[in-house]
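Biologist: Please walk me through this fold. I will ask, you reason from the coordinates.

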Amino acid sequence: MRLVLLGPPGVGKGTEAGLLSQRLNLDHISTGDMLRNEVKEKTPLGRQAEGVMSKGKLLPDALIMAMVRKRLSQGEANRGFILDGIPRTIVQAEELEDILREMDRPLDFVIDLVAREDVLISRLSGRRVCPKCQALYHIINMPSKREGLCDRCGGELYQRVDDQVETIRHRLKIYQDETSGLKDFYKKKGMLLTINAEGEVEETFVKIKSSLLPKYDCPSL
Ligand code: AP5
């Protein structure tokens with residue numbers, strides 16, 4: 001199965017993509033995680049990305065699509081994938097279509113996760129991330145068992161620089177201006193499945209699963 005998870009910052013794309021990839025054995029491709037890794041490794045791309053990401057702006061389409069093309073051509077994506085954080089503009093969506101057509105692996109569905117803005121702000125401002133294994137936590141909704149430490153690998157949890165309230169508001173505006181138009185793009189193609197993601201993590205996961213079930217004959221669903 002080949003999916004895109006669409007939705008504003010904080011709606012739970014990374015969280016739900018993590019569950020879907022584990023339970024359906026799909027490759028989870030997150031452009032945000034890839035870029036944060038480049039920043040950590042201090043690569044030329046990472047140095048360019050750092051300032052842009054900390055302000056909550058988008059990186060240039062060409063740069064993102066080159067990174068995604070390379071990632072998709074790696075063997076892991078052959079078993080099926082979930083794209084998280086890509087596409088974010090119509091230009092990216094069109095180029096993604098071209099790349100996947102060349103690979104003869106078109107998208108099956110685009111899952112649009114939706115939630116109210118106050119829910120998004122509260123999720124993002126309480127988010128904590130493990131720098132080693134990228135596990136996601138929330139100080140209230142999903143705290144780690146030992147405060148500040150990752151349950152999976154013991155890594156020291158941190159708060160993303162772009163999770164400050166002012167930057168969050170800017171990211172939400174950019175989502176409205178640049179990304180929300182993708183809903184129509186995929187709706188016209190008959191690929192869009194809209195899911196209310198305000199409930200608990202597992203509840204949203206079950207809704208995603210139920211929306212895919214009638215459309216996709218996959219034994220692990
Ligand atoms: P990226 O990392 O993709 O950030 P984002 O799209 O803003 O999304 P988030 O990761 O903030 O939120 P999410 O929806 O994944 O929510 P999560 O599951 O973490 O991108 C970062 C930056 O990179 C961009 O701003 C841009 O600069 C650059 N970039 C990336 N891709 C790009 C592209 N294609 N083009 C150009 N630039 C690009 O959940 C959030 C919190 O809520 C967590 O704490 C979680 O534990 C909690 N939570 C999740 N679900 C629930 C629930 N159901 N109930 C309660 N709490 C929940």
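**Sheet, cores and a surface serine**

Modeller: Helix 1 (residues 13–24) lies across strand 1, strand 2, strand 3 (81–84) and strand 4. Helix 1 runs at about 175 degrees to strand 3. Bear in mind that this is a predicted model.

Biologist: In which order do the five strands of the open sheet stand?

Modeller: The pairing in this sheet is parallel. Strand 2 (27–30) and strand 7 (192–196) each have a single partner strand, so they stand at the edges. The twist averages 20 degrees from one strand to the next. The order is 2-3-1-4-7.

Biologist: Which residue in strand 4 is the bridge partner of Val-4?

Modeller: Strand 1 covers residues 2–6 and strand 4 covers residues 109–114. The two pair in the parallel sense over four bridges. For Val-4, the partner in strand 4 is Val-110.

Biologist: Which element gives the largest share of the largest nonpolar core?

Modeller: In soluble globular proteins, nonpolar side chains tend to be buried together. Here the largest such core has 29 residues, with Leu-72, Leu-96, Leu-107 and Tyr-186 making the most contacts inside it. Elements supplying at least two residues each include strand 1, helix 2 (31–40), helix 4 (61–72) and helix 5 (90–102). The largest share, five residues, comes from helix 4.

Biologist: How many residues are in the other core?

Modeller: That core lies apart from the largest one. Among its members are Met-1, Ala-17, Leu-24 and Ile-121. Its count is 27 residues.

Biologist: How is the aromatic pair of Phe-185 and Tyr-186 classed: stacked, tilted or edge-to-face?

Modeller: A search of the whole structure finds one aromatic pair. Phe-185 is buried at 15% relative accessibility, and Tyr-186 is buried at 2%. The ring centres are 5.0 Å apart. The planes stand at 90 degrees, and over 60 counts as edge-to-face, so the pair is edge-to-face.

Biologist: Is Ser-210 buried, partly exposed or exposed?

Modeller: Ser-210 is found in helix 9 (residues 201–212). Its relative accessibility is 42%. Buried means under 20% and exposed means over 50%. The value falls in between, so Ser-210 counts as partly exposed.

Biologist: How far from a polar atom of the Ser-210 side chain does the backbone oxygen of Val-206 lie?

Modeller: A polar contact needs N or O atoms within 3.5 Å. The pair here joins a side-chain polar atom of Ser-210 to the backbone oxygen of Val-206. The separation is 2.7 Å.

Methods: Residues are numbered from 1 along each chain as its sequence is written. This is a predicted model: local features need pLDDT of at least 70, side-chain atom pairs count only at pLDDT 80 or more; totals for chains, interfaces and linings use all residues. Side-chain values use heavy atoms; hydrogens and water are left out. Buried means under 20% relative accessible area, exposed over 50%, partly exposed in between (1.4 Å probe, protein chains only). A polar contact is a pair of N or O atoms within 3.5 Å; within protein, one must be able to donate a hydrogen and the other to accept it, and residues adjacent in sequence count only if both atoms are side-chain atoms. Two strands pair if DSSP finds at least two bridges between them. Axes are lines fitted to C-alpha atoms, for helices over the stretch in contact, and angles run from 0 to 180 degrees between N-to-C directions. Contact means heavy atoms within 4.5 Å. A nonpolar core is a set of buried Ala, Val, Leu, Ile, Met, Phe, Trp, Tyr and Cys residues joined through side-chain atoms within 4.5 Å. Rings of Phe, Tyr and Trp (its six-membered ring) pair if their centres lie within 6.5 Å; planes under 30 degrees apart count as stacked, over 60 as edge-to-face and the rest as tilted.
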